[in-house]
Amino acid sequence: MTYYYKGFPQSDRDEKISMINVDELEERAKKVMPEGAYYYIASGAENEWTWRANTSAFNHYQIVPRALTDMQDPQTDTQFMGMKLKTPIMISPIACHGIAHKDAEVATQKGVAAAGALFSSSTYANKSVEDIAAVAPEAPRFFQLYLSKDWDFNKMVFDAIKKADYKGIFLTVDALVSGYREANLRTKFTYPVPLDFFTRYLGAKGEGQSVAQMYAASAQKIGPEDVARIKKESGLSVFVKGVMCAEDAYKAIGAGADGIYVTNHGGREIDGSPATIDVLPEIAKAVNHRVPIVFDSGVRRGSHVFKALALGADLVGIGRPYLYGLALGGPKGVESVIDQLNTELKIDMQLTGCKTIEDIKHAKISRIHYGLDAMPSNTDPSRMKPYPTTAENQIKSTNTDAVTGASQH
Ligand SMILES: Cc1cc2nc3c(=O)[nH]c(=O)nc-3n(C[C@H](O)[C@H](O)[C@H](O)COP(=O)(O)O)c2cc1C
């Protein structure tokens with residue numbers, strides 16, 4: 001069934017979604033979302049080179065299979081900042097989940113809690129931090145902060161998230177203004193559903209605001225002293241979200257950051273910035289295990305999660321894929337997306353002899369450039385020609401195994 005918020009259609013689904021991989025959800029989501037909302041999620045900045053490079057650059061690294069490992073039944077449980085998680089896959093903060101589902105972030109949190117993953121909630125969420133927390137009181141969650149120019153607003157946010165038991169803050173520093181996102185201009189996108197913190201502070205609704213207008217209300221001038229001030233006033237751990245080089249990792253740690261979040265905002269800010277996986281090794285070296293590292297942008301495979309962990313990340317975030325899952329299946333759809341990536345991750349763990357997430361951090365990775373970055377596989381549906389039907393290639397037997405015994409994961 002579809003609900004309408006002032007004419008804007010929102011799904012109310014709550015069903016598992018089957019998929020061969022999470023990438024295919026991007027195309028399927030078009031069928032259940034209005035064009036402007038879909039492109040707000042799917043698009044990147046300018047020519048979207050960085051958006052594409054984020055995923056293709058994982059091919060710069062290869063997972064070396066290991067032999068005679070004497071291991072079975074790998075486990076994806078992990079710990080992060082004292083929180084017990086069932087997976088190292090994290091839900092990156094995304095604004096306005098109400099464009100995908102009527103229960104917005106409440107629905108997402110429900111699915112994430114079922115999967116045992118870490119949820120992070122955006123400053124631009126539709127639902128209140130209290131409502132999000134109430135749907136899964138025991139589940140661990142972080143809060144993403146767009147620092148406001150107005151410290152009374154910031155104070156209101158800190159009080160609310162502390163009361164609602166959020167465990168820490170991701171301070172976003174890579175989106176001081178919106179990247180030049182042409183798809184939003186073409187579709188004239190504005191947030192169609194009110195954003196809670198703006199409604200409660202200003203009485204003004206986020207509804208009807210363009211992305212650029214929303215960013216204008218947040219602080220453009222953020223320096224090391226802000227990290228210290230946020231830590232002091234919130235009493236929470238602060239990760240700096242948007243670190244893309246070793247120098248800035250040093251600066252953030254020097255400013256008192258409790259963690260580093262390596263991201264280029266999913267290719268939505270500077271087009272032409274490097275893919276995140278390519279800068280992760282130098283940042284991990286600079287951080288040298290002093291603080292945890294969160295990583296995201298372009299993650300679409302369990303093997304991508306594996307590579308990021310092996311190259312120094314402690315948690316690996318996904319963005320767009322879970323929002324497509326939310327639109328297509330609600331809470332259970334989000335859970336399906338996490339489960340799919342976890343299933344793929346476990347295959348790589350078994351084939352490399354990694355019993356635990358900690359083992360992945362010592363896995364063998366090679367770095368050879370094959371020049372095949374942007375090549376889809378031969379079985380990619382977008383490349384496949386219809387399969388030829390001949391008299392010889394049809395299955396006639398009643399042997400159901402041959403028909404239905406497809407590989408199950
Ligand atoms: C539709 C959309 C909205 C986003 N909103 C926020 C936000 O409110 N705050 C933030 O720090 N990052 C935001 N991001 C960036 C994500 O946290 C994350 O860095 C990015 O989506 C990861 O890339 P991926 O989508 O390729 O996985 C947003 C990303 C998307 C796609």
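1. Start at the end of helix 13. Helix 13 is followed by G312, whose phi is positive, near 130°. The model is a predicted one, so read this angle as a computed value.

2. Now helix 13 itself, residues 302-310. Of its 9 residues, 8 are buried, so the helix is largely enclosed by the rest of the structure. The buried positions are G302, H304, V305, F306, K307, A308, L309 and A310. Note that K307 is on that list.

3. Next, the barrel. It is closed by 8 strands, in the order 6-7-8-9-10-11-12-13, and their pairing is parallel. From one strand to the next the twist averages 30°. Helix 4, residues 104-115, packs on the sheet. It touches strand 6 (89-91) and strand 7 (118-121). The direction of helix 4 makes about 165° with that of strand 7.

4. Two pairings can be checked by eye. Strand 6 and strand 7 pair in the parallel sense over 2 bridges. There, M90 has L118 of strand 7 as its bridge partner. Strand 12 (residues 293-295) and strand 13 (residues 315-318) also pair in the parallel sense, over 2 bridges. In this second pair, V294 stands opposite L315 of strand 13.

5. Is strand 7 covered on one face or on both? Both faces are covered. L118 and S120 lie on one side, F119 and S121 on the other, and all four are buried. L118 is thus a residue to look at twice: it is buried, and it is the bridge partner of M90.

6. On to the annotated site. The unreviewed UniProt entry carries a "binding site" annotation that covers Y40, Y146, R181, H265 and R268. Two of these residues, R181 and H265, are taken up in the next points.

7. R181 sits in the loop between strand 9 (168-172) and helix 7 (182-187). Why does R181 count as buried? It has 22 C-beta neighbours inside 10 Å, and the cut-off for buried is 20 or more. Leaving aside neighbours within four places in sequence, R181 is in contact with S43, A45 and R268. R268 is itself covered by the "binding site" annotation in the UniProt entry.

8. H265 is placed in the loop between strand 11 (259-262) and helix 12 (276-287). H265 counts as buried because it has 26 C-beta neighbours inside 10 Å. Residues up to four places away in sequence not counted, H265 touches D174, A175 and G242.

9. D271 is in the loop between strand 11 and helix 12, where H265 is also placed. D271 has 20 C-beta neighbours inside 10 Å, so it counts as buried. The cut-off is 20 or more. Which residues does D271 touch, not counting those up to four places away in sequence? They are G44, A45, E46, N47, E48, W49 and T50. A45 is also in contact with R181. For scale, D271 and K155 are 116 residues apart in sequence and 33 Å apart in space, C-alpha to C-alpha.

10. Last, the ligand. How many residues surround the ligand? There are 23, and the closest are S92, A95, S122, G266 and G319. By type, the shell divides into 8 nonpolar, 11 polar and 4 charged residues.

Conventions. Residues numbered from 1 in each chain as written. Predicted model: local features only at pLDDT ≥ 70, side-chain atom pairs only at ≥ 80, totals over all residues. UniProt positions renumbered as here; feature names shortened; annotations may be inferred. Buried ≥ 20, exposed ≤ 12 C-beta atoms within 10 Å, placed from the backbone. Contact = placed C-beta atoms within 7 Å. Near = placed C-beta within 6 Å. Nonpolar A, V, L, I, M, F, W, Y, C, P; charged D, E, K, R; others polar. Pairing = 2+ DSSP bridges. Axes fitted to C-alpha atoms, helices over the stretch in contact; angles between N-to-C directions.
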